[in-house]
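Q: Please take a close look at one part of this model, the C-terminal pair of helices and what packs against them. Which residues are buried, which are exposed, and what holds the parts together?

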Amino acid sequence: MASNQNPPENPSMLHGHAAFVAGAAKEAVGNYVSSDPSWKTSASETKDAAVAEMRAAKAQSEGQPGKNETMGKVEEKLGGAVGCEGMVGEGKERQ
């Protein structure tokens, strides 16, 4: 698979998080189910692209009102569950 490190034209924090979770799932399959190394490579590429998208979405939202305690808590917990330190930090900032 080709890696797409460029974030989409309209980056979305939600889509980036969903893509990161998909990458984490691929990584789990690669680590525990499949002996095919392409699973791990694909997982890494998916997670890298997701992080790039989340960074682009965050850059677009800088300066906009965004405190939302409930969404912040959800983001923090989900980030902890999937091992995304960025989500944890972003969730804490929103609270």
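A: The account below takes the two helices in turn and then follows their contacts into the rest of the chain. The model is a predicted one.

Helix α3 spans residues 69–82. Its 14 residues reach 20 Å from the first C-alpha to the last, close to the 20 Å expected at 1.5 Å a residue. Within α3, the buried residues are G72, E75 and G79. They lie on the same side of α3, because the arc they cover around the axis is only 65°. An α-helix has 3.6 residues a turn, so residues three or four places apart point the same way. The face of α3 turned away from the buried side carries the exposed residues T70, K77, G80 and A81. Among the elements that cover the buried residues of α3 are α1 (13–32) and α4 (85–94). After α3 comes G83, which has a positive phi, near 80°.

Helix α4 can be described in the corresponding way. Its buried residues are M87, E90 and G91. Seen down the axis of α4, these fall within an arc of 100°, so they line one face of the helix. On the face turned away from that buried side are the exposed residues E85 and K92. The cover over the buried residues of α4 includes α1, α2 (38–61) and α3.

Individual contacts show how these helices meet their surroundings. H17 lies in helix α1 and is buried, with a relative accessible area of 9%. Leaving aside neighbours within four places in sequence, H17 is in contact with M54, E75 and M87. Of these partners, E75 is one of the buried residues of α3, and M87 is one of those of α4. C84 is in contact with F20, M54 and G79, again leaving aside neighbours within four places in sequence. Here G79 belongs to the buried residues of α3.

Both C84 and M87 also belong to the largest nonpolar core, which has eight residues. The other members are M13, A19, F20, A50, M54 and A57. Helices α1 and α2 each supply at least two residues of this core.

Charged side chains add further links between α4 and α2. The structure holds three salt bridges, and K58 takes part in a network of them with E90 and E93. In the pair of K58 with E90, the closest N and O atoms are 3.4 Å apart. This pair joins helix α2, where K58 lies, to helix α4, where E90 lies, across 32 residues. E90 is buried, with a relative accessible area of 12%, whereas K58 is partly exposed at 26%. The side chains of E93 and K58 meet in a salt bridge of 3.7 Å, N to O. Because E93 lies in helix α4 and K58 in helix α2, this pair ties together parts that are 35 residues apart in sequence. E93 is partly exposed, with a relative accessible area of 48%.

Another salt bridge lies between α1 and α2. K47 pairs with E27, with the closest N and O atoms 3.0 Å apart. K47 is in helix α2 and E27 in helix α1, 20 residues apart. K47 is buried, with a relative accessible area of 18%, while E27 is partly exposed at 31%.

Key: Residues are numbered from 1 along each chain as its sequence is written. This is a predicted model: local features need pLDDT of at least 70, side-chain atom pairs count only at pLDDT 80 or more; totals for chains, interfaces and linings use all residues. Side-chain values use heavy atoms; hydrogens and water are left out. Helices (H or I, at least four residues) and strands (E, at least two) are DSSP runs, numbered from the N terminus. The expected span of a helix is 1.5 Å times one less than its number of residues. Buried means under 20% relative accessible area, exposed over 50%, partly exposed in between (1.4 Å probe, protein chains only). The arc is that of the directions from the helix axis to the C-beta atoms. Contact means heavy atoms within 4.5 Å. A nonpolar core is a set of buried Ala, Val, Leu, Ile, Met, Phe, Trp, Tyr and Cys residues joined through side-chain atoms within 4.5 Å. A salt bridge is a side-chain nitrogen of Lys or Arg within 4 Å of a carboxyl oxygen of Asp or Glu.
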